[in-house]
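Thanks for coming, everyone. Let me put the structure up on the screen, and then we will walk through it together.

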Amino acid sequence: MIHRVILRRFKRFADATFTLPGHVVLAGPNNTGKTSVLQAVSAWSLALTRWKELNDFRRYRGGYTRAPIARQAFSAVPLRTFDLLWRDRAYEGTVEIEIQSTAGWTIPMEFLADSTEQIYVRPRATDPDVLKNATLTTVFVPAMSGLGTEEPVYQRPKIDQLLGQAKPGDVLRNLLVEANHSEKAWPALQECIHRLFAVDLLPPDATGAHIVAEHRSVQNGPRLDIGSAGSGFQQVLMLLTFLYTRPGSVLLLDEPDAHLHVILQDAVYGELRRVAAEQRSQLVIATHSEVIIDAVEPRELCVLFDGPQMLATTEDRARLIESLRVLSHTDVVQALNAPGVLYVEGHTDLEILRAWARVLNHPAHDVLTSRAFFWKPTVAETRPGSPGIKAREHYEALRLVSDKLPALELVDGDAHPDIRSTELKGQGFQRLRWRRYEIESYLLHPAALARYVERVVGAAAAPAHIADLEKYLADQLPPAVLREPLADHDYLNVTKARTQILPPALAAAGLPGLPYTRYHEIAGVMRPDEIHADVVSALDGLMKAFGL
């Protein structure tokens with residue numbers, strides 16, 4: 001069986017090592033490389049098999065003879081062109097896949113670029129006796145994609161080719177025929193299917209032009225084609241048939257939970273492990289299933305984000321399950337490249353911060369506007385009407401992606417009176433709380449509001465509009481707020497500016513219905529001496545919190 005897999009320049013992996021402590025479950029968000037690991041092992045097996053067919057174990061000038069493989073014969077991975085195997089499609093030099101066996105041998109296989117329709121393969125730096133005697137059977141099993149209505153009898157090379165094209169449904173009946181030829185496999189398979197689905201699996205008939213494979217749900221009941229069964233039944237039947245027809249193999253199972261109800265997922269995973277133990281096979285499973293992840297021993301869990309990471313405890317497993325529920329693929333990518341993650345009430349808060357940073361020529365402006373900048377709402381809705389995911393919960397999930405990623409949460413003042421600012425250490429989850437009610441409270445500067453009104457209505461019409469603005473502010477706001485807009489005022493600490501102050505003030509100035517999503521334009525016309533010290537402290541705090 002396999003103890004370790006090392007990938008160099010294969011697809012998304014520059015240089016990655018995967019340790020397999022027996023069975024292993026690969027978990028992680030979409031597009032993090034789970035299927036690629038399975039394909040790599042399958043490609044290694046195909047390459048070694050094809051090279052051995054040369055029957056030339058001599059080394060010439062230190063290297064082995066190269067064996068060609070045409071794209072159409074490369075059944076390990078479905079490919080339109082061979083450069084898709086190379087990292088970033090940089091089609092030159094070699095891809096290396098190294099397998100270390102529990103039997104003690106290590107064989108690295110080189111894949112050498114040639115043309116889009118052909119590559120060469122050969123082992124690297126391995127003793128000839130090891131190559132002659134090393135044996136390892138691998139079977140890549142993609143998720144069930146549906147059965148065809150008719151299926152002729154295929155030979156083994158055709159079956160392998162269709163599997164490489166991710167078409168397991170095209171060969172399931174052939175696998176049943178193969179299982180039926182075994183006195184041990186067939187009754188065991190029938191017993192498993194009956195126990196899981198309460199149906200009788202009938203012996204397939206391969207005497208005609210197409211294979212007939214049927215089942216029935218009650219004794220002496222009507223015979224039904226397996227193509228008319230549910231997709232979950234077909235998925236489980238395929239997995240168990242592979243296990244019984246490929247004993248002593250490494251089974252590379254891509255999303256074996258596909259099409260299965262959560263109750264059945266747990267039962268099927270237990271069945272797979274039981275049968276694998278009987279058949280002396282090893283399971284390498286790629287999945288998103290929380291049920292399967294929760295059933296796996298932590299030491300058998302490998303999480304993929306930026307690279308492989310084996311888990312150690314049940315707490316790690318719980319974090320993994322939570323991260324798969326909470327994080328999007330975009331979150332994962334950004335967490336791996338960002339200097340930190342900023343949590344704010346919403347996108348409008350972020351735009352206001354950016355505008356102030358630009359006016360102040362603050363170094364935080366480059367951070368807030370960079371391509372690598374990562375921000376999330378303090379409460380993110382995963383779907384309309386859901387309670388949402390709080391910043392701290394989201395950050396805990398991110399820690400499994402990058403445990404060194406710092407975070408800063410900017411929270412409103414009065415909306416969260418029980419939440420306080422924390423010390424900014426440049427690591428972990430940190431928090432700043434606005435002293436005023438909310439970020440829009442810092443936009444309340446009479447001169448800045450008048451300047452914004454003039455920009456919107458034009459210089460010619462501005463005097464009348466500004467006069468109406470000033471009258472409204474004088475009638476409605478405490479005089480001290482107008483005299484010293486940058487001072488501390490209880491009124492601004494307890495009054496919601498976004499709904500109670502700014503909308504009626506702007507309406508009085510002739511700008512009724514101005515959406516709050518444009519309030520960053522007010523911040524953009526402010527002068528440095530009109531921006532509150534709390535804002536400067538927040539921008540300074542962002543830099544400190546991110547360790548910049």
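I will start with the whole protein and then stop at a few single residues.

One thing before we begin. This is a predicted model. Keep that in mind for everything I say.

Let's take the overall picture. How many helices and strands does the protein have? There are 20 helices and 23 strands. Now, is the protein compact or spread out? The globule rule gives 24 Å for 548 residues, and the radius of gyration here is 32 Å. That is well over the rule, so the protein is more spread out than a compact globule. You can also look at the C-alpha trace along its principal axes. It spans about 95 × 70 × 45 Å.

Next, the inside and the outside. Buried residues account for 51% of the 548 residues. The exposed surface comes to about 24400 Å². Carbon and sulfur atoms supply 48% of that area.

What about contacts along the chain? Take the contacts with a separation of 6 or more. Of these, 67% join residues that sit 24 or more positions apart.

And charges. The protein has 59 positive and 66 negative charges. The mean positions of the two sets are 5 Å apart.

Now the cysteines. How many disulfides are there? The count is zero. A pair of cysteine sulfur atoms would have to be within 2.5 Å to be counted. Two cysteines to look at are Cys 192 and Cys 302. Cys 192 is buried, with a relative accessible area of 0%. Cys 302 is buried too, at 3%.

Cys 192 takes us to our next stop, Val 275. Find helix α7, residues 262-279; Val 275 is in that helix. Is Val 275 buried or exposed? It is buried, with a relative accessible area of 0%. Who does Val 275 touch, leaving aside neighbours within four places in sequence? The answer is Cys 192, Leu 240, Leu 243 and Tyr 244. Look at Leu 243 for a moment. It is 32 residues from Val 275 in sequence, yet the C-alpha atoms are 6.9 Å apart.

Staying in this part of the sequence, go to Gly 248. It sits in the loop between α6 (231-245) and β14 (250-254). Gly 248 is partly exposed, at 33% relative accessible area. Its contacts, again without neighbours up to four places away, are Met 1, Gln 279, Arg 280 and Ser 281. Arg 280 is 32 residues away along the chain. In space, the C-alpha atoms of Gly 248 and Arg 280 are separated by 4.9 Å.

On to Ser 421. Where is Ser 421? It is in the loop between β22 (407-411) and β23 (429-433). Ser 421 is partly exposed, with a relative accessible area of 41%. Beyond four places in sequence, it touches Arg 431, Leu 432 and Arg 433. Ser 421 and Arg 431 are 10 residues apart in sequence, and their C-alpha atoms are 5.0 Å apart.

Now Leu 54. Look in the loop between α1 (34-52) and β4 (59-60). Leu 54 is partly exposed, at 36%. Setting aside residues up to four places away, Leu 54 touches Thr 65, Arg 66 and Ala 67. Then try Leu 400. It lies 346 residues from Leu 54 in sequence, and 46 Å from it in space, C-alpha to C-alpha.

Last topic: backbone angles. Here is the background. Most residues other than glycine have a negative phi. We have two residues to set against that. One is Lys 11. It is not a glycine, and its phi is positive, about 50 degrees. Lys 11 lies in the loop between β1 (2-10) and β2 (13-19). It is partly exposed, with 23% relative accessible area.

The other is Asn 361. Its phi is also positive, near 55 degrees. Which elements flank Asn 361? Its loop runs between α11 (347-360) and α12 (364-368). Is Asn 361 buried or exposed? Asn 361 is exposed, with a relative accessible area of 68%.

To recap: the protein is more spread out than a compact globule, and the disulfide count is zero. That is my tour. Thank you.

Key:
Residues numbered from 1 in each chain as written. Predicted model: local features only at pLDDT ≥ 70, side-chain atom pairs only at ≥ 80, totals over all residues. Heavy atoms only, no water. Buried < 20%, exposed > 50% of the residue type's maximum accessible area, 1.4 Å probe, protein only. Helix = DSSP H or I, 4+ residues; strand = E, 2+ residues; numbered from the N terminus. Rg over C-alpha atoms; globule rule 2.2 N^0.38 Å. Contact = heavy atoms within 4.5 Å. Areas by Shrake-Rupley, 256 points an atom, 1.4 Å probe, with all protein chains shown as cover. Lys, Arg positive; Asp, Glu negative; His and termini not counted. Charge placed at Lys NZ, Arg CZ, Asp CG, Glu CD.
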